[in-house]
Each structure stands twice: as structure tokens, then as C-alpha cells.
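Thanks for sharing this one. Here are a few notes to read with the structure open beside you.

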Amino acid sequence: MSPSDKFATLAVHAGEHTDVHGSVIEPISLSTTFKQSSPANPIGVYEYSRSQNPNRDNLENAIAALEKAQYGLAFSSGSAATSVIMQSLPQGSHAVSIGDVYGGTHRYFTKVANTHGVETTFTNNLLEELPNLVKDNTRLVWIESPTNPTLKVTDIQAVSNAIKKINKDILLVVDNTFLSPYLSNPLTFGADIVVHSATKYINGHSDVVLGVLATNSKDIYERLQFLQNAIGAIPSPFDAWLTHRGLKTLHLRVKQASVTAQKIAEFLSASKHVEAVNYPGLKTHPNHAVVQRQHRDALGGGMISFRVKGGAAAAAKFSSTTRLFTLAESLGGIESLLEVPAVMTHGGIPKESREASGVYDNLIRLSVGIEDTEDLLEDIKQALEAAAEN
Ligand SMILES: *Cc1c(COP(=O)(O)O)cnc(C)c1O
């Protein structure tokens, strides 16, 4: 690929690899082992498929290109990518994380990493509190932007500057799942590692669970690649191939979802049946100035959350009345989904701490898909009317 190639060109072509037949689309390489000509002399670059596989290589190269990174790595899930990053920290390390981090990440920090001697402190005001929270053994800061499900946006460059002022060796990790590399590239704002649940936008078709990360540091890459092989939480060749196929249309999908989401968010903001709307694309979003710097074309992405009038009952009515938005967890696929975080994805969090981060009983989260904009808007309208009459 040429260094001047733009996103859409990279999405379609990065990571492509010509085989002996000249296949335009790479075949799926299922072989677990590869022939050697003499002991310890593989005939190609591959030896054993846990360590390296052609389809995983292609996907990793494509991810690196889209995240403006030197290196990419793929894992069996976003959670596996998270666990490998945390397992790279020495015993006795300390991490700082934003408070409303993805539930599974919170669970890993508080129920797994701590049992291996890595403690995490959570904060809802990272920029302000960082200098007080960093200790001698702090090795990593973890952020997610926008957050789930209240879509708070963090100024990544500001966090990076604040960290490097304290200690240049502290790594900044950004979970970029909600935006995808099309809307934002955290490494260009000073992050050391960007991580994704590719299960969401990158694969984008709700048929693969997979995780990726990218970095520009050779040292970080080599450490994490060592763990990728040693721990073995790798994606299958088929899943790597499917995800690579999915990401070829990432730019089209995310652009379309953002355009529709903007219209829905504006409609919801003007509706008398709605108490509040969280959407980074709205000029009224508290961090819209950061969105303008940090997101491509200030696009808000495909995720919206809003509070419907009428409490939990109205939220339940709304979410079981939509025709096109399917009531289901997860996000980032071609199809529109919705959920009620208080009783679904965030049901395990005690009411008080849930509400402290804005997850009220009447909050509804939308993952806007790529169906027709007018049809989706109509669906939201009729479900709102039904919820209001409830
Ligand atoms: C889904 C998700 C994860 C976890 O990814 P899996 O692929 O489900 O393991 C991590 N972070 C965010 C923001 C997510 O939405």
C-alpha cells in the first residue's frame, strides 16, 4: 500500500496477500502446521497456527493500517485482548481506569487482574484526579471514549499529555470499540495501545467474536505478541478471514450509521416524550468541542442513549414495540439493535453506582444500523408514541 492511501482504499486493500494462484480474495488457511525443508527450517514463514497464521496476519496488517499503527494483533475476543494487555504488567502494578468502563473490562480489572497482583483504581474525573491517583507503581491508564452507555467523550490528547508529564513510562490504553478506526485513531492523540472488540463495528455483521489491538511501539508489540502465542487466546482462521472481509466496508457502514444516528438524536432531542439524549454528534453534547477534534468530520457514531419519559415501564414498552430495532445486547452491526442497560448490560451494577454514571431505569441504548434512515426514524417515532400512551 502507498503511504498516501486514504481510509477507504486501505479498508479494501490493506492486508491483502497474493497466493500462488493469484486469488483476489485470500483463501482460508486451515492448516495447523506447515512443512519444513530441514529441521527448524520452515519452507515459508509459518510453522504452527497458534503462533502465526496467514489469515490472522492479513487481518492484523489491515488493523494496523486502519489505526495508523506499525503493528496489529488479533485475539479470540475483545476481552482476550484486554486480558493480554493486563497480563503484560508485572506483579504489584497499579492501573487507573475511567469509572464507566465496559462491564467485562471492569470485571477483569476487579475479579481477575487483582488476583494476579494488579490493582485498579477507578475515577469518574480522570483528567482532574490523575495527578492524585498515580502512584510509583502505576503502569497503565485505561480509557474508553465514548463510554457505554452514556457516551461521555474523553480528550485523549489531554490525558496523554497529563500522563507523560507525570511519568513517560505509564501506558495509555484506549478502547476504541464504539467509534471504530474510521471515526478516530487514538494513537494519533498520544495513546500507546488502541484496543477493539472487533465483534462490534470492525466485523460489523454480528457473526464473529474477536478482539484486536494496535500500537506503534515495537517493544509493546513484541511483549504482547509473545503473550498472544504463550496464552493462546487467538481467533480461528475463519473468524480472522470473516473479520477481514467485514472491515473492508467499515467506512461505508460507520458513515451511514452516523448519518442516521444524527437524525434520530436530533428527533429525540426535540421530542416531548424524551427527558435527555446522549449523542456525541449533538452540538449540545458536553464534550462536543473534543468530538470536533477527535472524530472524523465530527461524526457522532452509531450509538445513542436517551431517557424516555415514564420510567422503566415506558422503557420496556418502547423497547418491545420497535419493528426494526431488535431488542438484544451488543452493537455495531449492520442491523439496528436496542437495549435497556439498567436491566440488561448493566443489570449487575448496584442501582446507586449505576445512576451515579447516568444509567437510569428509563435509559434506552440504540445501536443504529444501516437500514434506510426514514424507516428507522419512523420506527423510533411509533415506538415513542406507544410508550407515551402506555
Ligand atoms: C463488547 C466490548 C468489549 C468486549 O469485547 P468481546 O469481543 O465481547 O470480548 C470491550 N469493550 C467494549 C467497549 C465493548 O463494547
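**Notes on the ligand site and a buried glutamate**

1. Let me start at the ligand: one of its oxygen atoms is 2.7 Å from an N or O atom in the side chain of Lys200. Please keep in mind throughout that this is a predicted model.

2. Two further side chains deserve a look here. Ser79 has a side-chain N or O atom 2.7 Å from an oxygen atom of the ligand, and for Thr199 the corresponding distance to a ligand oxygen is 2.8 Å. How much of the ligand's accessible area does the protein cover? On its own the ligand has 380 Å² of accessible area, and the protein covers 92% of that.

3. Stepping back to the whole shell, 13 residues surround the ligand. Ser79, Thr199 and Lys200 are among the closest, a group that also includes Asp175 and Ser197. By character, the shell divides into six polar, four nonpolar and three charged residues.

4. Now to a residue you may like to inspect separately: Glu60, which is part of helix H2, spanning residues 54-66. Is Glu60 buried or exposed? Its relative accessible area is 6%, under the 20% cut-off, so Glu60 counts as buried.

5. What does the side chain of Glu60 reach? The partner is the backbone nitrogen of Ala74, at 2.8 Å. Ala74 also appears in the list of residues in contact with Glu60, together with Gly72, Leu73 and Gln228, once neighbours within four places in sequence are set aside.

How values were computed
Residues numbered from 1 in each chain as written. Predicted model: local features only at pLDDT ≥ 70, side-chain atom pairs only at ≥ 80, totals over all residues. Heavy atoms only, no water. Helix = DSSP H or I, 4+ residues; strand = E, 2+ residues; numbered from the N terminus. Buried < 20%, exposed > 50% of the residue type's maximum accessible area, 1.4 Å probe, protein only. Polar contact = N/O pair within 3.5 Å; in protein donor to acceptor, adjacent residues only side chain to side chain. Contact = heavy atoms within 4.5 Å. Near = heavy atom within 4 Å. Areas by Shrake-Rupley, 256 points an atom, 1.4 Å probe, with all protein chains shown as cover. Nonpolar A, V, L, I, M, F, W, Y, C, P; charged D, E, K, R; others polar.
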